[in-house]
Amino acid sequence: MEKHNDYKLKNPVDRMEKGSKMAKKGQMAIFIIVAIAIVALILLIAFYPRIRSVVTGGELTSSNFIKSCIGSDVQTNMELMNNQGGYISPEGFYVYNGKKLKFLCYTNEYYKTCVVQDPAVVSHYEKELANAIKSKAAQCYADMKTQYQKQGYSVSGILRDVKVELTDKSVNVLFDAPLSISKESTSTYNGVTIQIDSKIYNLLSIVQSIVEFEAYYGDSETTNYIQYYPDLKIEKIKQSDGTKVYKVSDVISKEEFDFASRSLSWPPGYEGVNAK
Amino acid sequence: MNKHKLLIFALLSLFLFVFVSGGVFAVNATVCCQKTTSNLYCQNVPSDQCAAGSLQTPSACSQTSFCKAGYCYDSRQGNCMSNTPKVVCDLNNESWTETEPASCGLGCCILGDQAAFVPLVRCKILAGFLGIQANYNKQITNEVSCVLSVQGQVKGACVYESEFEKTCKFTTMSDCTSGSNASITNATFYKGKLCSAPELGTICGKTKETMCLPGKDEIYFKDSCGNPANIYDASKINDVDYWSNIKTKLESCGPSASNGNSKSCGNCNYLLGSFCRDSKDAGSSASYGDNICADLNCKNTQNRNSYKHGESWCVYNDAGKTGTGNTAVGARFYKHICINGEEVLEQCADFKQEECIEDKINTSLGSFSQAACRVNRWQDCLVQTEKQDCENLDKRDCLWKEGIALNVNSGSGACVPKNTPGLKFWDSEGDASSVCAQANAQCVVKFEKGLFGGEKCKDNCECLTDSWAKQRNDICMAIGDCGSKINWLGDKGYKTGYNVTISASSSKS
């Protein structure tokens with residue numbers, strides 16, 4: 001009985017405590033919702049221009065859209081090319097650690113300097129990268145037009161060409177695509193250019209110089225380059241068959257370009273000594 | 001009639017022989033191939049290694065019209081690549097000429113206070129990157145004169161009005177007064193002054209910020225207009241004179257030290273192994289600003305020595321000794337280089353076809369070690385019969401072994417490679433067996449029978465001693481990977497490496 005009373009006596013208190021706890025929880029939830037709403041409002045105010053730039057017209061929108069669409073594709077293709085001597089599908093390569101390194105200079109003979117296989121490393125890189133991203137670029141351009149149309153814009157224009165231009169600080173992708181966007185007023189653009197930070201131009205210039213040395217002298221002196229370029233690192237790994245694997249990298253940006261060369265090599269032992 | 005038949009048969013046989021041998025010759029003959037089956041251009045290879053449809057000529061590539069080497073000019077980049085085959089240049093849609101075209105001619109490209117000895121088109125591209133106007137001088141005909149031409153340019157504060165404000169640019173006198181810079185008009189140049197000098201009365205003042213400049217080792221203070229001031233020195237952050245007048249490197253803090261990782265001094269010195277870098281990249285920060293003299297030197301390297309950035313040195317870590325005519329099998333010479341605080345190794349050619357040489361240059365800033373992989377000139381050692389010729393370091397890298405000869409009794413000594421060349425002894429088609437066989441020797445020992453029985457050695461008795469066998473083994477080991485050698489790990493072979501066979505033959509004389 002006492003137990004029962006106890007129960008009866010205790011029960012309202014418990015209920016009261018429970019009720020106040022629930023009320024507190026409810027208040028907390030309201031506070032949290034209000035806080036979230038305030039934060040969302042602040043974020044909206046802070047990033048409104050950026051959000052607006054994606055959904056409204058203007059060149060900034062076009063380049064932002066294109067950059068977000070194709071940027072990763074450019075990076076992926078560059079990484080592949082950098083690992084393969086500047087080629088997407090190299091022909092005439094040396095397999096090193098499972099990677100196909102394009103021979104930028106090669107001779108099959110002993111005691112001879114190599115024959116240049118790629119005389120314009122930078123220009124070739126630009127063309128190769130432009131070809132590699134062409135289909136994705138077309139898709140991004142079409143997607144951008146669709147996006148504008150969804151926003152109620154009338155869009156006209158065609159993608160005539162995609163070019164890649166390397167500079168000392170960036171990789172520029174140029175969309176030769178005249179574009180006309182109209183809703184209440186009409187805006188016309190000659191094209192879109194996107195910039196991706198990269199030091200690949202500087203690395204390729206060094207590579208070109210190494211290839212020239214390989215073709216002329218049969219070898220290159222890596223320490224000479226280091227004296228002039230503080231951010232540069234060059235590794236030369238000599239293979240048993242006379243092939244040299246070069247790894248040219250920027251110690252700050254961590255970008256690396258690998259290629260192979262075979263020049264002025266000697267056979268093992270006495271092979272060809274008399275022929276020489 | 002039979003004679004005729006015989007003649008016809010002989011002629012047919014001759015024809016067949018010529019045809020078949022001609023065919024064989026055609027298959028194996030070396031040709032200049034435009035493109036090989038391995039997709040490489042302009043190689044002298046057997047004709048069966050030419051890609052289908054590829055041009056080929058039975059002569060050296062240098063003699064062909066399609067693979068002749070010349071100059072390939074890349075008009076977009078303004079670069080010239082010499083020694084390029086015509087076909088390779090054409091495939092890249094560049095222009096090829098046999099002789100150097102005028103567009104490849106070099107001149108001095110002056111870009112502000114920097115210079116480059118490059119072709120004109122390249123100069124314009126470089127100017128575009130820097131956003132400045134280039135001054136191209138073809139009269140300067142070498143790189144050293146070109147670099148020197150921009151040194152010693154008078155620098156100072158260029159004061160001018162912009163948007164109703166008296167502003168300033170720290171530049172050269174020619175840039176300030178020549179009118180080449182469109183943004184600067186009616187400027188006054190103050191030689192040796194900094195833009196932050198209070199007496200100039202410009203809007204530029206001192207800050208606590210620093211900056212790295214292209215082509216310069218040091219960290220510089222940055223004024224409020226973004227101009228470089230003097231070399232960063234934490235103790236001079238409020239020094240009016242230091243913010244007013246140009247101070248030379250020698251007048252700045254720690255002029256003879258590298259100042260690597262110094263928090264207070266930005267007088268970095270690339271030759272001593274420090275360079276202006278962003279604190280984030282360098283991993284440490286200075287008392288003021290976002291830059292620091294990053295320490296690029298290598299400490300406690302593999303040989304427990306410390307080296308400066310850019311220094312290189314030789315390392316031989318394999319078993320055995322070098323330069324004694326008995327280099328271990330599979331051993332290799334290595335050149336180590338210190339690059340940005342990292343020890344990078346570069347192998348010399350395999351099979352000991354290259355060896356590493358090193359020396360030190362003594363400069364005013366201390367000694368600087370330099371190493372190189374150089375060709376091992378062992379090829380004609382074995383044919384030298386005179387000690388003087390053998391040890392002629394101008395011509396070869398050989399060692400004279402006194403008292404023993406390559407062939408028994410053929411001379412007073414043997415000339416052998418200092419560092420023995422490696423052989424592909426595991427390759428059954430290689431020349432290892434024939435090379436090692438050169439050290440084979442047969443020594444005929446003559447015995448004389450005694451009158452009352454028994455034998456007495458009369459001639460070449462030394463050939464029966466252990467020391468003779470050892471000498472022959474030394475010769476064997478010196479000519480290549482022959483004899484009882486150890487490998488680069490110091491392990492001996494599973495076999496002895498040589499045989500001494502004694503057989504008896506009786507003859508009367």
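Q: In this predicted model, how far apart do the C-alpha centres of domain 3 and domain 4 of chain B lie?
A: Domain 3 of chain B covers 153–295, and domain 4 covers 387–479. The model is predicted, so the distance is computed from predicted positions. Between the C-alpha centres of these two domains of chain B lie 72 Å.

Q: What radius of gyration does chain B have?
A: Take a compact globule of 509 residues as the yardstick: its value would be near 23 Å. The C-alpha trace of chain B spans about 125 × 75 × 40 Å along its principal axes. For chain B the radius of gyration is 36 Å.

Q: What percentage of the residues in chain B is buried?
A: A residue counts as buried if 20 or more other C-beta atoms lie within 10 Å of its own. Chain B has 509 residues to sort this way. The buried share is 37%.

Q: Which strand of chain B gives the most to the side that touches chain A?
A: The contact draws 47 residues from chain B and 40 residues from chain A. Several elements of chain B each supply at least two residues to that side, among them strand 2 (41–46), helix 2 (86–91) and helix 8 (432–437). With 6 residues, the top contributor in chain B is strand 5.

Q: How many residues on the side of chain B that touches chain A are charged?
A: The residues of that side of chain B fall into three classes. Nonpolar residues number 21 and polar ones 18. The charged residues number 8.

Notes. Residues numbered from 1 in each chain as written. Chains lettered and ligands numbered in written order. Predicted model: local features only at pLDDT ≥ 70, side-chain atom pairs only at ≥ 80, totals over all residues. Domains from an automatic or database assignment. Rg over C-alpha atoms; globule rule 2.2 N^0.38 Å. Buried ≥ 20, exposed ≤ 12 C-beta atoms within 10 Å, placed from the backbone. Contact = placed C-beta atoms within 7 Å. Helix = DSSP H or I, 4+ residues; strand = E, 2+ residues; numbered from the N terminus. Nonpolar A, V, L, I, M, F, W, Y, C, P; charged D, E, K, R; others polar.
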